Amino acid sequence: MQIEAAAAIDQMSNKEISYDEYCKKVLMNKYVLSHISRHVITEFKGMSIKEVLTCLEPDTKEGVKQSEKIDGMNTEDITGKDGLVRYDVLCGLGLPNHEGKVDMFMNIEAQGKDNMGYPLLKRSIYYGSRLLVRQKNTPNGFQKTNYEDLKKVYSIWICMKHSKKKSGVMNRYSLHEEHLGTAYAFPKKYYDLMNIVMIYPPKEVEDIHDGTFMTLLYILFTSGMDSTKKKEILTKSYGIPMTKELGKELEEMCNLSQYIKEEGILQGRKEGRKEGILVGVKKGKADEKLDIAKKMKEKGYSTKEIEELTGILLH
């Protein structure tokens, strides 16, 4: 039974990893990425999806720009002796009227669960810091002491599994200037270099056709609705072209999500039955001992003798 349970858990774990991988693929879709960007990138506030699309990877070649997915940057980061960090999605962004150059970097992490045994927010701040550090002496960063070329970074974390109290939460963490002595304001661009955004998609929404950003995240990651319905709403309410590739990825996500859900319920039932049997056995043994103790009492055994022989405390 233990081997069978372990195998089921391993299989579920593999399916969860696959689900996370499909989430990353969906997040690399330019239209999905544009919807996220226009709500969290402060420089894109008020821009249309069409305008944001032109700011994704502004330095890429024309052929790549026609693709439905971003090309993406190298997601493996080995900076000095700090160890390896693998980002889920990483790309360059241009400001409006960017003239074909990268002005910022955006990282998106698809997080399967919130409870990792450590504060996820601290990890996100570490990732944001690494995104700044990795720019030194790199082709798309700055050279030597040219710190004026240090670019702003965004690290956006989307956590699919979380407690109900976090449902619909979207928090931003950034650097601010505080005057502790004589007031002097430095240009904001000198210190506004890192934004951490933590997003917890809602577990339920009032209207799945309202076209809001949170409902988009609900449809994509937490709704549990079938792929046909997802594709229909994404196209009609959000203008996301339903290509063959994106459609297939959404179908795989839905299938894997349903599998994980069903296996989780089944595993829970198995554990529940097992626990029930153990409780029943323990209760049965206790009742049996009590019955023996009563008979010993009737035959004149002392309380001390009964307690020593049965292990039951009678007082």
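1. Asp114 is buried, with a relative accessible area of 14%, a value that falls under the 20% limit for that class. This carboxylate is a reasonable place to begin reading the model, which is a predicted one. Lys166 forms a salt bridge with Asp114, and the closest N and O atoms of the two side chains are 2.2 Å apart. Lys166 lies in the loop between strand 5 and strand 6, while Asp114 lies in the loop between strand 4 and helix 5, so the pair ties together parts that are 52 residues apart in sequence. Unlike the buried Asp114, Lys166 is partly exposed, with a relative accessible area of 25%.

2. The next point concerns strand 5, which comprises residues 152–161. Of its 10 residues, 9 are buried, so strand 5 is largely enclosed by the rest of the structure. Strand 4, made of residues 104–113, pairs with strand 5 in the parallel sense over 9 bridges, and within this pairing the bridge partner of Phe105 is Val153 in strand 5. Between these two strands the chain passes through helix 5 (residues 120–133), and the resulting β-α-β crossover is right-handed.

3. Strand 5 also pairs with strand 7 (residues 194–200): the two run parallel and are joined by 6 bridges. In this pairing Ile156 stands opposite Val197 of strand 7. Strand 5 therefore has a parallel partner in strand 4, with 9 bridges, and another in strand 7, with 6 bridges, and it is a strand in which 9 of the 10 residues are buried.

4. A further point concerns the surface, where Tyr184, Phe186 and Tyr190 make a nonpolar patch of about 400 Å². Tyr184 is placed in the loop between strand 6 (169–174) and strand 7. At 54% relative accessibility, Tyr184 counts as exposed, because that class begins over 50%.

5. Helix 2, residues 30–40, is mostly covered, with 8 of its 11 residues buried. The buried residues of helix 2 are Lys30, Val32, Leu33, Ser34, His35, Ile36, Ser37 and Val40, a list in which Lys30 and His35 appear beside nonpolar residues such as Leu33 and Ile36.

6. The N-terminal end of helix 2 is capped by Asn29, which has a side-chain oxygen 2.9 Å from the backbone nitrogen of Tyr31. The side chain of Asn29 also reaches the backbone nitrogen of Val32, at 3.2 Å. Asn29 is found in the loop between helix 1 and helix 2, and with a relative accessibility of 2% it counts as buried.

7. Across the whole structure, a search finds 11 salt bridges. Side chains of opposite charge can pair when their charged atoms come close. One of the salt bridges joins Glu21 and Lys24, at 3.0 Å from N to O. Glu21 and Lys24 both lie in helix 1 (residues 2–27), 3 residues apart, which is about one turn of the helix. An α-helix has 3.6 residues a turn, so residues three or four places apart point the same way. The two partners differ in cover, for Glu21 counts as partly exposed at 38% relative accessibility, whereas Lys24 counts as buried at 18%.

8. The pairing of Glu21 with Lys24 belongs to a wider arrangement, since Glu21, Lys24 and Asp88 are linked in a network of salt bridges. Glu21 is also worth following toward another part of the chain: Glu21 and Met253 are 232 residues apart in sequence, and their C-alpha atoms are 9.1 Å apart in space.

9. A last salt bridge to examine is that of Arg86 with Glu76, in which the closest N and O atoms are 3.1 Å apart. This pair links distant parts of the chain, with Arg86 in strand 2 (residues 84–86) and Glu76 in strand 1 (residues 76–78), 10 residues apart. Glu76 counts as partly exposed, at 37% relative accessibility.

Key:
Residues are numbered from 1 along each chain as its sequence is written. This is a predicted model: local features need pLDDT of at least 70, side-chain atom pairs count only at pLDDT 80 or more; totals for chains, interfaces and linings use all residues. Side-chain values use heavy atoms; hydrogens and water are left out. Buried means under 20% relative accessible area, exposed over 50%, partly exposed in between (1.4 Å probe, protein chains only). Helices (H or I, at least four residues) and strands (E, at least two) are DSSP runs, numbered from the N terminus. Two strands pair if DSSP finds at least two bridges between them. A crossover is right-handed if, with the strands pointing away from the viewer, the path from the first strand over the helix to the second runs clockwise. Patches are made of residues with over 30% relative accessible area and no salt bridge: like charges are joined within 9 Å, nonpolar side chains (Val, Leu, Ile, Met, Phe, Trp, Tyr) within 5 Å. Accessible areas come from the Shrake-Rupley method with a 1.4 Å probe; for residues, only the protein chains shown count as cover. A salt bridge is a side-chain nitrogen of Lys or Arg within 4 Å of a carboxyl oxygen of Asp or Glu. A polar contact is a pair of N or O atoms within 3.5 Å; within protein, one must be able to donate a hydrogen and the other to accept it, and residues adjacent in sequence count only if both atoms are side-chain atoms.
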